[in-house]
Amino acid sequence: DLLVRERKFRLLFDYNDAGIALHEIICDSVGKASDYRFIDVNPELCNLLGYRPDELLGRSFGELWPENSRQAFFSQFEMFKQKGEVNSELHLIAKDGQDVFVILEGRIQQDVDGNFVRTHCILTDITERKRTEETLRLERNRAQSYLDTVETIIVALDTEGKITTINRKGCEVFGRAEDELVGQF
């Protein structure tokens, strides 16, 4: 029964742990995607971005992107159309101005004539993972800068004997760049 299936879908949509959005595709006069507008969102997406549903519905998806990355997404739409799907990491801006990082998994829905109707997207929050990666990167860089001030060769090896870290002095002595030495025996 159609009503029963709609209720099941709505439960999956509304109570999913990932953000879900349906976007209407707005095309320019030559059929190139120029915008995506929210036509349905689940509560988790609203929680993730800090908006109420009525604040997202009808709004451009591009408005949630940092200014410098909006055009890149739209320029990749032709590839998205050809594949019919996308799986990408995105940087979005929440209502409160905070950075939000997500994995976007999207599919395009077409009408019977092959025209693009809407996208179905699942957005999984990876903000904490990205913050942790950035913290680790900064700590590694800081540790490397300490190692590079020492005038003694410092090398760290993994359990197999491969180089995992080498300081500036070690690179000088071996006459090779760090990225050439890391991973070597």
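**Close-up 1. A nonpolar patch on the surface of the predicted model.** Five side chains meet here: Ile153, Val155, Leu157, Val173 and Phe174 make a nonpolar surface patch of about 450 Å². Two elements each give two or more residues to this patch, namely strand S6 (155–157) and helix H7 (168–174). Ile153 sits in the loop between helix H6 (127–148) and S6. With a relative accessibility of 37%, Ile153 counts as partly exposed, because that value falls between the 20% and 50% limits.

**Close-up 2. Phe9 and Phe13 as an aromatic pair within helix H1.** Let us turn to the rings. The count of aromatic pairs comes to 3. In one of them, the ring centres of Phe9 and Phe13 are 5.6 Å apart and the planes meet at 35°, so this pair is tilted. For anyone used to sorting ring geometries, 35° is tilted because stacked planes are under 30 degrees apart and edge-to-face planes over 60. Both residues belong to helix H1 (residues 2–14), where a spacing of 4 residues takes you about one turn along the helix. How exposed or buried is each partner? Phe9 is partly exposed, at 38% relative accessible area, whereas Phe13 is buried, at 2%.

**Close-up 3. Phe61 and Trp65 with Phe38 in an aromatic cluster.** A pair of aromatic rings is described by the distance of the centres and the angle of the planes. For Phe61 and Trp65, the centres lie 5.7 Å apart and the planes stand at 90°, so the arrangement is edge-to-face. Phe61 and Trp65 are both buried. Add Phe38 to the view, and you have the three members of one aromatic cluster: Phe38, Phe61 and Trp65.

**Close-up 4. Cys46 and Cys121, two cysteines without a disulfide between them.** How many disulfides does the structure hold? The number is 0. Starting from Cys46, the nearest cysteine sulfur is that of Cys121, 15 Å away. Seen from the other end, Cys121 has its closest cysteine sulfur in Cys46, and 15 Å is too far for a bond, because a disulfide needs the two sulfur atoms within 2.5 Å. Are these cysteines buried or exposed? Cys46 is buried, with a relative accessible area of 6%, and Cys121 also counts as buried, at 4% relative accessibility.

Notes: Residues are numbered from 1 along each chain as its sequence is written. This is a predicted model: local features need pLDDT of at least 70, side-chain atom pairs count only at pLDDT 80 or more; totals for chains, interfaces and linings use all residues. Side-chain values use heavy atoms; hydrogens and water are left out. Rings of Phe, Tyr and Trp (its six-membered ring) pair if their centres lie within 6.5 Å; planes under 30 degrees apart count as stacked, over 60 as edge-to-face and the rest as tilted. Buried means under 20% relative accessible area, exposed over 50%, partly exposed in between (1.4 Å probe, protein chains only). Patches are made of residues with over 30% relative accessible area and no salt bridge: like charges are joined within 9 Å, nonpolar side chains (Val, Leu, Ile, Met, Phe, Trp, Tyr) within 5 Å. Accessible areas come from the Shrake-Rupley method with a 1.4 Å probe; for residues, only the protein chains shown count as cover. A salt bridge is a side-chain nitrogen of Lys or Arg within 4 Å of a carboxyl oxygen of Asp or Glu.
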